[in-house]
Amino acid sequence: MLNKNILLCVCGGVAVFKAAALTSKLVQQGANVKVIMTNSAMKFITPLTFQVLSRNEVYVDTFNESNPEAVQHIDLAKWADITIIAPATANVIGKIANGIADDMLTTTIMATVNPVIIAPAMNVNMYNNKIVQENIDRLKKLDYIFFEPSEGLLACGDIGKGRLLEPEDIIKNLNNIFNESNYFNGKKILITAGPTIEKIDPVRFISNFSSGKMGYALAEQAARFGADVTLISGPTKLPPPKGIRLININSAEEMFEAVKENFELNKIIIKSAAVADYTPITIEDNKIKKKSNDMILKLKKTTDILKWLGDNKSDKVLIGFAAETNNVLEYAQDKLQRKNLDYIIVNDVSKEGAGFNVDTNIATLISRDGTKIDFPLLSKKDLAKQIMEVLYEKVVKDYDTR
């Protein structure tokens, strides 16, 4: 926590007393803390309390711009290493989920690119309300991090889930996030993702069903763990992950060239892209017209990028993917050996929830020594996190001795 810049956003609720205690404990552990309060929060506790505890100005009004050289909510968003909303009310969760920025807190959140943590506190029935849960789910999909409330006796007298986590538990969770952010500590990782498209003529191409979601999730998680990530991506509909270098390509040949150009600079390579195995021998300049019931399309093999990487990897760590429909483990282990991989991650795309264009996956990670780790049905983001945690344990801890 030492010298970390933490922006604490305080909403209106009886749990604000825990936010005051949290401020004190963060400062005691060496963090730099600045506080934003909503108008409702000031009904429960004064800004002076947080000013004394944080030893910093407390921000309450978007239009109180005392420094003509800065815009407060923009500067605060840039200043923070991490932002935590605690307690977070149903009202503020709903505003953020729907892009509403009408006060100091929400305008700052909209300008924030570093991690945002939301620690809800409210009545159990409010927390379980379908609208609130939909807003929470939406924010989770947008990479907001939630510190789930605990269960117990609530201020209103009800018993259930809705209590703000204790300050000690919040700090423990924050420490875990800061520790994770150092897992890869600037190590360079190259990741390929998405499909490739092989042109037939100006209006047609050959491709596959890959959405790129798994590769993008891996890139996002690697960056969150502190890696310097280069992502080479085929055409997808996904927004670029934060904090990565993105290289867009279309064809298998373009992906091969991009991989070669970035190969030497990266020590860990994760090839999750679904690269076409074949491409048309000839690309027609004009649209092919329908002439008969049958059409013969002549194809040639594309470069086997994963094989090339395995042949040239030297001391690099190489992780491949295999999407199979039968003899899953047998084919994966064969691919691992033939292509000189260190690890392979295989999934049976015929299983429900594990195929292309879905947000979930079921996979097995196999290492060169035959060790297997099975991952159950998970969101691709959660699976990416677990995969990167395994790679941290198996690769990064002895990285400097390789």
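The protein chain in this predicted model has 13 helices and 20 strands. Its C-alpha trace spans about 75 × 55 × 50 Å along the principal axes. Of its 402 residues, 50% count as buried. Now look at who touches whom: among contacts with a separation of 6 or more, 67% are between residues 24 or more positions apart.

**A helix with a buried side**

Let's start with helix α10, which runs over residues 252–263. Those 12 residues reach 16 Å from the first C-alpha to the last, close to the 16 Å expected at 1.5 Å a residue. Which residues of α10 are buried? They are A252, M255, F256, A258, V259, N262 and F263. These buried residues cover an arc of only 165° around the axis, so they sit on the same side of α10.

And what covers the buried residues of α10? Several strands are included: β9 (188–193), β10 (198–201), β12 (228–233), β13 (245–248) and β14 (268–271). The helix α11 (305–312) is part of the cover too.

**Two helices side by side**

Next, find helix α1 (residues 16–28) and helix α2 (residues 47–54). They pack with their axes 9 Å apart, at an angle of about 15°. Angles under 35 degrees count as roughly parallel, and α1 and α2 are therefore roughly parallel to each other. As for handedness, α1 passes α2 in a right-handed crossing. On the α1 side, the contact is made by V16, A19, A20, T23, S24 and V27. On the α2 side, T49, F50, L53 and S54 take part.

**M388, tucked inside**

Where is M388? Look for it in helix α13, residues 380–394. M388 has a relative accessible area of 0%, and since buried means under 20%, M388 counts as buried. Leaving aside neighbours within four places in sequence, M388 is in contact with F184, I189, L218, Q221, A222, F225 and I270. Try a distance as well: M388 and R138 are 250 residues apart along the chain, and their C-alpha atoms are separated by 24 Å.

**Backbone details to hunt for**

Which peptide bond is cis, with omega near -5°? That's the one from A86 to P87. You can find P87 in strand β4, which covers residues 82–88.

Two asparagines are also worth a click. N3 has a positive phi in a residue other than glycine, and so does N185. Here they are together:

| Residue | Phi | Place | Relative accessible area |
|---|---|---|---|
| N3 | near 65° | segment before β1 (5–10) | 53% |
| N185 | near 40° | loop between α8 (167–180) and β9 | 53% |

Are N3 and N185 buried or exposed? Exposed means over 50% relative accessible area. N3, at 53%, is therefore exposed. N185 also counts as exposed, at 53% relative accessibility.

**Putting it together**

So what should you look for as you turn the model? Find α10 with its buried residues on the same side, then α1 and α2 running roughly parallel to each other. After that, pick out M388, buried in α13, and the cis bond from A86 to P87. Finish with N3 and N185, both exposed.

Conventions. Residues numbered from 1 in each chain as written. Predicted model: local features only at pLDDT ≥ 70, side-chain atom pairs only at ≥ 80, totals over all residues. Heavy atoms only, no water. Helix = DSSP H or I, 4+ residues; strand = E, 2+ residues; numbered from the N terminus. Expected span 1.5 Å × (residues − 1). Buried < 20%, exposed > 50% of the residue type's maximum accessible area, 1.4 Å probe, protein only. Arc of directions from axis to C-beta. Contact = heavy atoms within 4.5 Å. Axes fitted to C-alpha atoms, helices over the stretch in contact; angles between N-to-C directions. Parallel < 35°, antiparallel > 145°, perpendicular 65-115°, else oblique. Left-handed = near helix turned anticlockwise from the far one by under 90°.
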